[in-house]
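This report describes the fold, the strand pairing and the interior of one protein chain. The sequence and the model are shown first.

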Amino acid sequence: RRSSDLAELQDDGLLIADRSTEGGSWGYFRHPAFIDPARETVIEARLKAISGENNIIIENGVSREIVQVLPGEVRLRYVGVSSKVVTDDGFHTYRIVARGADLMVSMDGQPIVDGKGKFTNPGIPGSRGGMAFGAASSGTTGEALWQMVRVRNLASTLMDVVLSVDYPAP
């Protein structure tokens with residue numbers, strides 16, 4: 001853990017922050033589930049974007065995409081499809097539905113990003129898929145409060161995540 005990366009439970013959610021642009025700095029939680037590209041997978045996340053890039057990564061063994069939630073925008077990183085929406089005024093529920101080459105994103109029940117036929121960015125060789133959520137990546141920063149993340153597919157279900165992180169005193 002770098003001193004600029006933070007995962008801290010607060011009253012209204014789990015704060016995940018990457019406050020450094022240094023290479024290798026990022027903060028993610030990963031669920032390495034087998035995701036079948038031929039079957040529907042649904043990821044739901046309830047979060048409040050505070051700053052920078054906050055990402056939900058989905059990979060099905062064939063394709064990989066990063067749904068980026070930024071203040072004022074939600075976009076698919078690899079294909080550049082986006083929607084200008086207010087994301088930092090409070091908590092919003094994002095629903096990502098993937099099946100085959102289609103990837104759709106809704107916010108609070110309203111469709112906002114149409115990735116029909118665009119879930120085609122090659123996955124990581126040898127990966128069986130999974131999902132991750134968190135803040136930024138090397139070269140960028142991000143910070144958000146996360147209240148809930150769920151994954152549903154026929155191979156695996158993750159309903160709730162309880163996380164406890166205890167770092168020894170310096």
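Why is strand β5 (residues 54-59) largely enclosed by the rest of the structure? Six of the six residues of β5 are buried, so the strand is largely enclosed. Buried here means under 20% relative accessible area, exposed means over 50%, and partly exposed lies in between, with a 1.4 Å probe and protein chains only. The model is predicted: local features need pLDDT of at least 70, side-chain atom pairs count only at pLDDT 80 or more, and totals for chains, interfaces and linings use all residues. Residues are numbered from 1 along each chain as its sequence is written, and side-chain values use heavy atoms, with hydrogens and water left out.

**Overall make-up**

The chain holds zero helices and 14 strands. Helices (H or I, at least four residues) and strands (E, at least two) are DSSP runs, numbered from the N terminus. Of the 170 residues in the chain, 48% are buried. A contact means heavy atoms within 4.5 Å. Among contacts between residues at least 6 apart in sequence, 60% join residues at least 24 apart.

**The six-stranded sheet**

Strands of a sheet pair through backbone hydrogen bonds, either parallel or antiparallel. Two strands are taken as paired if DSSP finds at least two bridges between them. One open sheet has six strands in the order β3-β12-β5-β6-β7-β8, with antiparallel pairing. β3 (27-31) and β8 (82-83) stand at the edges, each with a single partner strand, so one side of each is left without a neighbour in the sheet.

Within this sheet, β5 pairs with β6 (residues 64-70) and with β12 (residues 130-135). I57 of β5 stands opposite A132 in β12, and E59 has R64 as its bridge partner in β6. The hairpin of β5 and β6 has four residues between the strands, and G61 there takes a positive phi near 90°. Further along the sheet, V74 is bridged to S83 of β8.

In a regular strand the side chains alternate between the two faces of the sheet. In β5, N54, I56 and I58 point one way, N55, I57 and E59 point the other way, and all are buried.

**The β1-β2 hairpin and β13**

β1 and β2 form a hairpin with two residues between them. L9 has L14 as its bridge partner in β2. Six of the six residues of β2 (residues 13-18) are buried, so this strand is also largely enclosed by the rest of the structure. β2 pairs with β13 (residues 142-152) as well, where the bridge partner of I16 is A144.

The table lists antiparallel pairs with their bridges.

| Strand | Partner | Bridges |
|---|---|---|
| β1 (residues 5-10) | β2 | six bridges |
| β2 | β13 (residues 142-152) | five bridges |
| β5 | β6 (residues 64-70) | six bridges |
| β5 | β12 (residues 130-135) | six bridges |
| β7 (residues 73-76) | β8 | two bridges |

**Core and cavity**

A nonpolar core is a set of buried Ala, Val, Leu, Ile, Met, Phe, Trp, Tyr and Cys residues joined through side-chain atoms within 4.5 Å. The largest such core has 31 residues, of which L47, I56, V74, V105 and W146 touch the most other members. Not counting residues up to four places away in sequence, the residues touched by I56 include I43, L47, I66, V67, M131, F133 and W146.

The largest cavity has a volume of about 30 Å³. On a 1 Å grid over the protein atoms alone, a cavity is a set of points where a 1.4 Å probe fits but cannot get out, and lining residues have an atom within 4 Å of a point. Grid points are joined across faces, edges and corners, and the volume is the space filled by probe spheres set on the points. Among the lining residues are I35, D36, R39, I58, N60, R99 and F119. By class, the lining has five nonpolar, three polar and three charged residues. Ala, Val, Leu, Ile, Met, Phe, Trp, Tyr, Cys and Pro count as nonpolar, Asp, Glu, Lys and Arg as charged, and the others, Gly among them, as polar.

**Two loop residues**

A33 lies in the loop between β3 and β4 (41-52) and is buried, with a relative accessible area of 5%. The C-alpha atoms of A33 and N153 are separated by 9.2 Å, although the two residues are 120 residues apart along the chain.

D108 is in the loop between β10 (102-107) and β11 (110-115). At 42% relative accessibility, D108 counts as partly exposed. Most residues other than glycine have a negative phi. The phi of D108, however, is positive, near 50°.

Key
1 Å grid on protein atoms, 1.4 Å probe; cavity = no way out; pocket = protein on both sides within 12 Å on 5 of 7 lines; lining within 4 Å.
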